[in-house]
Amino acid sequence: MVFWIVLAVVVVLALVVLGVVAHGTLGAFARLGRELEAAERDVAPVRAQAQQSAERAAQLRDQRTTAG
């Protein structure tokens, strides 16, 4: 009888531990997603500026090669 009680307690504790680990892991993935979205918003203006600069540099290069 004691064996079954101990076994039930062990199973319940194992399920609780697995639940806590799963909750922590899912929470970490949710936080990671929010952080990536925030980083994307922060980087978007810089990325747009870099793209404009690259396009302008390509235009200037093309002008120099056609003029020269």
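# A tour of a single-helix chain

The protein chain has an accessible surface of about 6200 Å², and carbon and sulfur atoms account for 69% of that surface. The model on screen is a predicted one.

**Stop 1: the whole chain**

Start with the whole chain selected and shown as a cartoon. What does the secondary structure come to? The protein chain has one helix and zero strands. Its radius of gyration is 29 Å, well over the 11 Å that the globule rule gives for 68 residues, so the chain is more spread out than a compact globule. Turn the view along the principal axes: the C-alpha trace spans about 95 × 20 × 5 Å.

Now colour the chain by accessibility. What share of the 68 residues counts as buried? The share is 0%. A residue would have to be under 20% relative accessible area to be called buried.

**Stop 2: the helix**

Select residues 2-67, which make up helix H1. Several later stops are in this helix, including Val11, Phe29, Ala30, Gln49 and Glu55.

**Stop 3: a nonpolar patch**

Select Phe3, Trp4, Leu7, Val11, Leu15 and Leu18, and show their side chains. Together they make a nonpolar surface patch of about 660 Å². Pick out Val11, a residue of helix H1. Is Val11 buried, partly exposed or exposed? Val11 counts as partly exposed, because its relative accessibility is 41% and the partly exposed class runs between 20% and 50%.

**Stop 4: charged side chains**

Next, select the charged side chains. The protein chain has 7 positive and 6 negative ones, and the centres of the two sets lie 3 Å apart. Side chains of opposite charge can pair when their charged atoms come close. How many salt bridges does a search of the whole structure find? The search finds two.

Select Arg47 and Glu40 for one of them. The closest N and O atoms of this salt bridge are 2.6 Å apart. Arg47 is partly exposed at 46% relative accessibility, and Glu40 is partly exposed at 42%.

Then select Arg61 and Asp62, whose side chains also meet in a salt bridge, with an N to O distance of 3.9 Å. That distance meets the cut-off, because a salt bridge needs the nitrogen and the oxygen within 4 Å. Arg61 counts as exposed at 52% relative accessibility, whereas Asp62 is partly exposed, with a relative accessible area of 41%.

**Stop 5: distances along the chain**

Switch to C-alpha atoms and use the distance tool on these pairs.

- Ala30 and Pro45: the two are 15 residues apart along the chain, and their C-alpha atoms are separated by 25 Å. Ala30 belongs to helix H1 and is partly exposed at 37% relative accessibility.
- Gln49 and Gly24: these residues are 25 apart along the chain, with 38 Å between their C-alpha atoms. Gln49 is also found in helix H1, and its 53% relative accessibility makes it exposed.
- Phe29 and Ala67: a sequence separation of 38 residues goes with a C-alpha to C-alpha distance of 54 Å. Phe29, in helix H1, counts as exposed at 56% relative accessibility.
- Glu55 and Val12: here 43 residues in sequence go with 62 Å in space, C-alpha to C-alpha. Glu55 lies in helix H1 and is partly exposed, with a relative accessible area of 45%.

**Last stop: back to the whole**

Zoom out and select everything again. The view shows one helix and zero strands, in a chain that is more spread out than a compact globule. Of its residues, 0% count as buried.

Definitions and conventions. Residues numbered from 1 in each chain as written. Predicted model: local features only at pLDDT ≥ 70, side-chain atom pairs only at ≥ 80, totals over all residues. Heavy atoms only, no water. Buried < 20%, exposed > 50% of the residue type's maximum accessible area, 1.4 Å probe, protein only. Helix = DSSP H or I, 4+ residues; strand = E, 2+ residues; numbered from the N terminus. Patch = residues over 30% accessible without salt bridge, like charges linked within 9 Å, V, L, I, M, F, W, Y side chains within 5 Å. Areas by Shrake-Rupley, 256 points an atom, 1.4 Å probe, with all protein chains shown as cover. Rg over C-alpha atoms; globule rule 2.2 N^0.38 Å. Lys, Arg positive; Asp, Glu negative; His and termini not counted. Charge placed at Lys NZ, Arg CZ, Asp CG, Glu CD.
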